[in-house]
Amino acid sequence: MSKVYVFDHPLIQHKLTYIRDKNTGTKEFRELVDEVATLMAFEITRDMPVEEIEVETPVTVAKTKVLSGKKLAIVPILRAGIGMVDGVLKLIPAAKVGHIGLYRDPETLKPVEYYAKLPADVEERDFIIVDPMLATGGSAVEAINSLKKRGAKSIKFMCLIAAPEGVKVIQDEHPDVDIYIAALDEKLDDHGYIVPGLGDAGDRLFGTK
Ligand code: URA
């Protein structure tokens, strides 16, 4: 079963409080999401493989470590996921960025892919899907399906706030995909919003209604 990691670092929790606050305006909301994405990227990359090399310091030769060149890709789910991309790229600037767009079919209410653009070497990359909110889990599962269908073998899912319902859906459908969150909230309301949540992440990021 996929593991769930809750990043309860004080800085992440502090910033998340202001992200939740309905009085936080678009500019500050966007900056805070960016900052939390960077902090979460720091935690999510803890297991990146390293290798030992030698460098000459001004004093002597040191055996020291560098990242062993594992290829990464970040994939935001359009549109709110875009708000987390730059924050992750600050720490992993060489990562490629794919995009997945989904819409909700008005009849089945299921997410349907309308756009997918990924790096060419899908099978060799570690993917981090980003979306601020894991609500019903429908979009997350479809985005993971979309990556797997194209050959992805290693996928992590990262979001700011998750509802227990969404976590369970990923665990049931994709037990190999670990979930990284800043907060696990109480539940979904009748409209599919996370409670207490932060409202509509896309609207708050982009100043739309
Ligand atoms: N998407 C959002 O932006 N907010 C929610 O609460 C649920 C889904």
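**Salt bridges in the predicted model**

R79 comes out as partly exposed, with a relative accessibility of 36%. That value, like everything else here, is computed from a predicted model. R79 doesn't sit there unpaired: its side chain meets that of D203 in a salt bridge, with N and O 2.8 Å apart. The two partners come from distant parts of the chain, 124 residues apart. R79 belongs to the loop between β4 (72-78) and α3 (82-91), while D203 is part of helix α6 (residues 201-206).

Zooming out, a search of the whole structure turns up 16 salt bridges. Side chains of opposite charge can pair when their charged atoms come close.

Another of these pairs stays within a single helix. D172 and K168 are both found in helix α5 (residues 164-173), and four residues, or about one turn of the helix, lie between their positions. Their side chains form a salt bridge with an N to O distance of 2.6 Å. K168 counts as partly exposed here, at 49% relative accessibility. Some salt bridges also share partners, and in this way K71, D121, E124 and R125 are joined into one network.

Then there is E43, which pairs up with R46 in a salt bridge whose closest N and O atoms are 3.1 Å apart. What about the surroundings of this pair, buried or exposed? The two ends get opposite labels: E43 is buried, with a relative accessible area of 18%, whereas R46 is exposed at 62%. E43 gets its label because buried means under 20% relative accessible area, and R46 gets its own because exposed means over 50%.

Technical notes:
Residues numbered from 1 in each chain as written. Predicted model: local features only at pLDDT ≥ 70, side-chain atom pairs only at ≥ 80, totals over all residues. Heavy atoms only, no water. Salt bridge = Lys/Arg side-chain N within 4 Å of Asp/Glu carboxyl O. Buried < 20%, exposed > 50% of the residue type's maximum accessible area, 1.4 Å probe, protein only. Helix = DSSP H or I, 4+ residues; strand = E, 2+ residues; numbered from the N terminus.
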